[in-house]
Amino acid sequence: MDHKRKAIKMKCDCGGVFKESVEEIDGLETDVLKCFKCAFVTLTREQAKRLMKLRQMVDSIGKKRRVVRIGNTCGVTFPPILVHPGQQVDIRPISPNKYILTFGK
Ligand SMILES: [Zn+2]
């Protein structure tokens, strides 16, 4: 297999063609190649690497964290594998106790 995006044209054993898709694997949303004929899902090397990194991130953050006091305000800490100081974060409330955090570069 070469290093270009030709892998996308890979054919499934069923004769179908793999297309880029997003699937939930172990509760993690990840890019995959999916055969739209038989629904077989496979990962490119890069996609597998990204999923592995995602798993590492999940492991490092654990399931629950506590809100801590930081001066006159409150914060939630993250391990440095996930974020870095000065990184921009977009906070979108979706319910009174649920937020989506989207980190920039
Ligand atoms: Zn197939």
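1. Helix H1 has 17 residues and reaches 24 Å from its first C-alpha to its last, close to the 24 Å expected at 1.5 Å a residue, where the expected span is 1.5 Å times one less than the number of residues. Helices here are DSSP runs of H or I with at least four residues, strands are runs of E with at least two, and both are numbered from the N terminus. H1 is followed by Gly62, whose phi is positive, near 70°.

2. A word on the basis of this note: the model is predicted, local features need pLDDT of at least 70, side-chain atom pairs count only at pLDDT 80 or more, and totals for chains, interfaces and linings use all residues. Residue numbers start from 1 along each chain as its sequence is written.

3. On the overall composition, the chain comes to one helix and seven strands, and from the N terminus on its elements run β-β-β-α-β-β-β-β. The C-alpha trace spans about 60 × 30 × 20 Å along its principal axes. The radius of gyration of the chain is 19 Å, whereas a compact globule of 105 residues would have one near 13 Å; the radius is taken over C-alpha atoms, and the globule rule is 2.2 Å times the number of residues to the power 0.38.

4. Burial is scarce by the count used here, since 4% of the 105 residues of the chain count as buried. A residue is called buried if 20 or more other C-beta atoms lie within 10 Å of its own, exposed if 12 or fewer do, and partly exposed in between, with the C-beta atoms placed from the backbone. Among contacts between residues at least 6 apart in sequence, 16% join residues at least 24 apart, a contact being a pair whose C-beta atoms, placed from the backbone, lie within 7 Å.

5. Turning to the sheet, three strands form an open arrangement in the order E1-E2-E3, with antiparallel pairing; two strands pair if DSSP finds at least two bridges between them. Strand E1 (18-25) and strand E3 (41-42) stand at the edges, and because each has a single partner strand, one side of each is left without a neighbour in the sheet. E1 and strand E2 (residues 28-35) pair over eight antiparallel bridges, and Val22 stands opposite Asp31 in E2. Helix H1 (residues 45-61) packs on this sheet, touching E1 and E2, and its direction makes about 160° with that of E2; the axes are lines fitted to C-alpha atoms, for helices over the stretch in contact, and angles run from 0 to 180 degrees between N-to-C directions.

6. Glu23 is a useful residue to look at within strand E1. Glu23 is partly exposed, because 14 other C-beta atoms lie within 10 Å. Residues up to four places away in sequence aside, Glu23 touches Thr30, Val32, Lys34 and Val41. Glu23 and Val41 are 18 residues apart in sequence and 8.5 Å apart in space, C-alpha to C-alpha.

7. Two loop residues deserve a check of their backbone angles. Asp26, in the loop between E1 and E2, has a phi near 50°, a positive value in a residue other than glycine, and Asp26 counts as exposed because it has 9 C-beta neighbours inside 10 Å. Ala39, in the loop between E2 and E3, has a phi near 70°, again positive in a residue other than glycine, and with 12 C-beta neighbours inside 10 Å Ala39 also counts as exposed.

8. Further along the chain, strand E6 (residues 89-95) and E7 pair in the antiparallel sense over six bridges, and the two strands form a hairpin with two residues between them. In E7, Leu101 is the bridge partner of Ile91, and Tyr99 is that of Pro93. Both strands are hardly covered: the count of buried residues is zero among the seven residues of E6, and zero among the six residues of E7.

9. Gly104 lies in the segment after strand E7 (98-103). Gly104 counts as exposed because it has 7 C-beta neighbours inside 10 Å. Leaving out residues up to four places away in sequence, Gly104 touches Gln87 and Gln88. Gly104 and Leu33 are 71 residues apart in sequence and 26 Å apart in space, C-alpha to C-alpha.

Technical notes
Two residues are in contact if their C-beta atoms, placed from the backbone, lie within 7 Å.
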